[in-house]
Amino acid sequence: MHSSPAPAHVRVAHTLVATDLDGTLLLPDDSVSPRTHAALRRAASAGARHMIVTGRAVPGIRTLLAELDYRGPVVCGQGTQVYDPESARMLRSVPLDRELADMALGKIEAEAGPVFAAVDQDGPAGLTLIEPGYRMPHPTLPAQRVGRRDDLWAEPVIKVMVRHPDLTDDELAALGRAAVGDLATVTMAGPGTVELAPYGVHKGTGLAVAAELLDLDPADAIAFGDMPNDLPMFGLVGHGVAMGNAHPELKAAADEVTLSHTEDGIAVVLERLFG
């Protein structure tokens, strides 16, 4: 498979390169390939800023940011967090009301039967807590098991992760959106990862905040992603690129489809634009 040709309207000089992490920038072992590293450096030398926009909370990417020598704001937690790794400061954080989150889970269970839940706590040192029965989709990310669901709400949270023993991710996300309404934003962030975030908060809102901090126009950005949680980001930027391994819903909304994350799909596009 080859990346699709650049549409005629694509601008050559993008000022911002926004990338998701899992299934997009990262290889399965959480590393970034040498070719993609080089392509990002080439884009930076041409004046483009790299911005990570991820569903992971801040504690789950600190080591990666250091390895990438990343500078500037990073968007985490499905847009709930904007973090500055250089000063180790949270520039913006939008917590999810815990009563609303618990109510939303109850509405989902009323329709789908019992689910398993986990939360990402607020703050740069927030923990990931998982209730009995919940299985982490990313075994490399640290998590602490709690004894019962009420323990998930001990401290402020930014989002809730939900899994169902039988429903597919697409089925659970659709059911969740219908059941939850305006209590929370429901999105699918990856295999086994349906999430609830504060209503109206998503990767698009987080990217808008971070771009404003850099005095950059998101319309001049190119964005790379692989899952439906990247749709709001694609709706904001000038050019959205879906990975070859992307969810069909994101591919349908993309301006371009590149190779998969294991085939240096990001590098293929950046080399074309900045080479």
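A residue counts as exposed when its relative accessible area is over 50%, and as partly exposed when that figure falls between 20% and 50%. Keep that in mind for the first view; everything shown here comes from a predicted model.

**View 1. Two aspartates with a positive phi.** Asp-215 sits in the loop between α6 (203-213) and β12. Its relative accessibility is 71%, so Asp-215 counts as exposed. The backbone is the thing to look at here: phi of Asp-215 is near 60 degrees, a positive value in a residue that isn't glycine. For background, most residues other than glycine have a negative phi. Asp-30 makes a good companion, with a positive phi of about 70 degrees, and it is not a glycine either. You'll find Asp-30 in the loop between α1 and α2. At 22% relative accessibility, Asp-30 counts as partly exposed.

**View 2. The β10-β11 hairpin.** Strands β10 and β11 form a hairpin with two residues between them. Gly-192, in the turn, has a positive phi of about 70 degrees. The two strands pair in the antiparallel sense, over five bridges. To get your bearings, find Thr-185, which stands opposite Ala-197 in β11. As for burial, β10 is mostly covered, with five of its six residues buried.

**View 3. An open parallel sheet.** Five strands line up in the order β2-β1-β12-β13-β14, with parallel pairing, and the sheet is open. At the edges stand β2 and β14 (256-257), each with a single partner strand, so one side of each has no neighbour in the sheet. Zoom in on β12 (residues 221-225) and β13 (residues 239-242) and you'll see two parallel strands joined by four bridges. One pair to pick out is Ile-222 and its bridge partner in β13, His-239. As a general reminder, strands of a sheet pair through backbone hydrogen bonds.

**View 4. The largest nonpolar core.** This core has 48 residues, and the members that touch the most others are Val-17, Met-51, Val-74, Leu-207, Phe-224 and Leu-270. Among the elements, α9 gives the most to this core, with six residues. Which residues does Leu-207 contact, once its neighbours within four places in sequence are left aside? They are Leu-16, Ala-18, Met-51, Val-53, Val-75, Met-233, Leu-236 and Val-237. Apart from this core lies another one, of 25 residues, including Val-115, Val-180, Ala-184 and Val-186. In soluble globular proteins, nonpolar side chains tend to be buried together.

**View 5. The largest pocket.** This pocket holds about 740 Å³ of space. Its lining has 43 residues, and the closest to the centre are Asp-22, Arg-56, Pro-137, His-138 and Leu-141. Elements giving two or more residues to the lining are α1, β6 (116-121), β9 (157-163), β10 (185-190) and β11 (193-197). That list includes both strands of the hairpin in View 2. The biggest share comes from α1, with three residues. If you sort the lining by class, you get 18 nonpolar, 16 polar and nine charged residues.

**View 6. The second largest pocket.** Here the space is about 300 Å³. Of the 13 lining residues, Leu-40, Ala-44, His-50, Leu-68 and Asp-69 are the closest to the centre. The elements that give two or more residues are α2 (34-45) and β2 (49-52), and α2 gives the most, with five. The lining divides into seven nonpolar, two polar and four charged residues. Note that β2 is also one of the edge strands from View 3.

**View 7. The one cavity.** A search of the whole structure turns up one cavity of 30 Å³ or more, and its volume is about 50 Å³. Its lining is made up of Thr-24, Leu-25, Leu-27, Ser-33, Thr-36, His-261, Asp-264, Gly-265 and Ile-266. Two elements, α1 (21-25) and α9 (265-274), give two or more residues to that lining. What classes do the lining residues fall into? Three are nonpolar, five are polar and one is charged. Both elements have turned up already: α1 gives the most to the lining of the largest pocket, and α9 gives the most to the largest nonpolar core.

Note on methods
Residues numbered from 1 in each chain as written. Predicted model: local features only at pLDDT ≥ 70, side-chain atom pairs only at ≥ 80, totals over all residues. Heavy atoms only, no water. 1 Å grid on protein atoms, 1.4 Å probe; cavity = no way out; pocket = protein on both sides within 12 Å on 5 of 7 lines; lining within 4 Å. Points joined across faces, edges and corners; volume = space filled by probe spheres on them. Nonpolar A, V, L, I, M, F, W, Y, C, P; charged D, E, K, R; others polar. Core = buried A, V, L, I, M, F, W, Y, C linked by side-chain atoms within 4.5 Å. Buried < 20%, exposed > 50% of the residue type's maximum accessible area, 1.4 Å probe, protein only. Contact = heavy atoms within 4.5 Å. Pairing = 2+ DSSP bridges.
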